[in-house]
Amino acid sequence: MEVSKEENSVIKAQYQGYIGEPNVVSKSQTETFVAMKMFINTPRFEGVPFYVRAGKKMPKEVVEISVVFIQTCHILFKEFGCPEIGNVITFRIQPNEGISLRFIAKSPEQNWDLIR
């Protein structure tokens, strides 16, 4: 597996207040957060971004992998509005291990509402 280099991007940062933590040097440049967008150079995953985010002092302490499928808007739904985010499969590693699914579907009633 070869990682494509031309489209990848990395953001590194330090959370506010890190310098004030015990045993941290006042001019520390240590990163406490990283966000990466990567593309894998294979025909199967061509154009599919992989996102990795990790850091200290995040709002939620979870380890999970979310696969967000590209949302396409079927011609039947265009005039009623299309959802912004497509179907999502989330694998929670910790805490509370499990898998959750989020599907976009048409409401079973006569109107053309989408269930999100």
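**Exercise 1. In this predicted model, find how strand β4 (residues 63-68) and strand β5 (residues 88-94) pair, and name the bridge partner of E64 in β5.**

Solution. Start with the two strands themselves: β4 and β5 run antiparallel to one another, and their pairing extends over six bridges. Then look along this pairing for E64, whose bridge partner in β5 is R92.

**Exercise 2. Follow the chain from β5 into strand β6 (residues 98-102), and work out in which sense these two strands pair and which residue of the hairpin takes a positive phi.**

Solution. Step one is the pairing, which is again described by bridges: β5 and β6 are joined by five of them, in the antiparallel sense. Step two is to pick out a facing pair, and here F91 stands opposite I99 of β6. Step three is the turn, where three residues lie between the strands of the hairpin, and N96 has a positive phi near 55 degrees.

**Exercise 3. Place these strands in the whole protein by stating how many helices and strands the secondary structure has, and what share of the residues is buried.**

Solution. Counting the elements gives zero helices and eight strands, and reading along the sequence therefore gives the pattern β-β-β-β-β-β-β-β. Of the 116 residues in the protein, 15% are buried. The accessible surface amounts to about 9,800 Å², and carbon and sulfur atoms account for 55% of that surface.

**Exercise 4. Locate the two salt bridges found in the whole structure, and decide for each partner how exposed it is.**

Solution. The search of the whole structure gives two salt bridges. One of them joins the side chains of E21 and K57, with 3.7 Å from N to O. E21 belongs to the loop between β1 (3-13) and β2 (33-40), while K57 belongs to the loop between β3 (49-55) and β4, so this pair ties together parts that are 36 residues apart in sequence. To judge exposure, recall that buried means under 20% relative accessible area and exposed means over 50%. E21, at 27%, is therefore partly exposed, whereas K57, at 59%, is exposed.

The side chains of R92 and E64 also meet in a salt bridge, at 3.1 Å from N to O. This pair links distant parts of the chain, since R92 is in strand β5 and E64 is in strand β4, 28 residues apart. R92 has a relative accessible area of 26% and is therefore partly exposed, and E64, at 32%, likewise counts as partly exposed.

**Exercise 5. Decide whether T90 is buried or exposed, and describe what T90 touches.**

Solution. T90 sits in strand β5, and its relative accessibility is 12%, so it counts as buried. Leaving aside residues up to four places away in sequence, T90 touches E64, I65, S66, G98, I99 and S100. With S66, the side chain of T90 also makes a polar contact of 3.2 Å.

**Exercise 6. Identify the residues that make the nonpolar surface patch, and find which strand gives the most to it.**

Solution. The patch covers about 830 Å² and is made by V63, I65, V67, F69, F91, I93, I99, L101 and F103. Sorting the members by strand shows that β4, β5 and β6 each supply at least two residues, and that β4 gives the most, with three. Take V67 as an example: V67 is found in strand β4, and its relative accessible area of 34% makes it partly exposed.

Notes. Residues numbered from 1 in each chain as written. Predicted model: local features only at pLDDT ≥ 70, side-chain atom pairs only at ≥ 80, totals over all residues. Heavy atoms only, no water. Pairing = 2+ DSSP bridges. Helix = DSSP H or I, 4+ residues; strand = E, 2+ residues; numbered from the N terminus. Buried < 20%, exposed > 50% of the residue type's maximum accessible area, 1.4 Å probe, protein only. Areas by Shrake-Rupley, 256 points an atom, 1.4 Å probe, with all protein chains shown as cover. Salt bridge = Lys/Arg side-chain N within 4 Å of Asp/Glu carboxyl O. Polar contact = N/O pair within 3.5 Å; in protein donor to acceptor, adjacent residues only side chain to side chain. Contact = heavy atoms within 4.5 Å. Patch = residues over 30% accessible without salt bridge, like charges linked within 9 Å, V, L, I, M, F, W, Y side chains within 5 Å.
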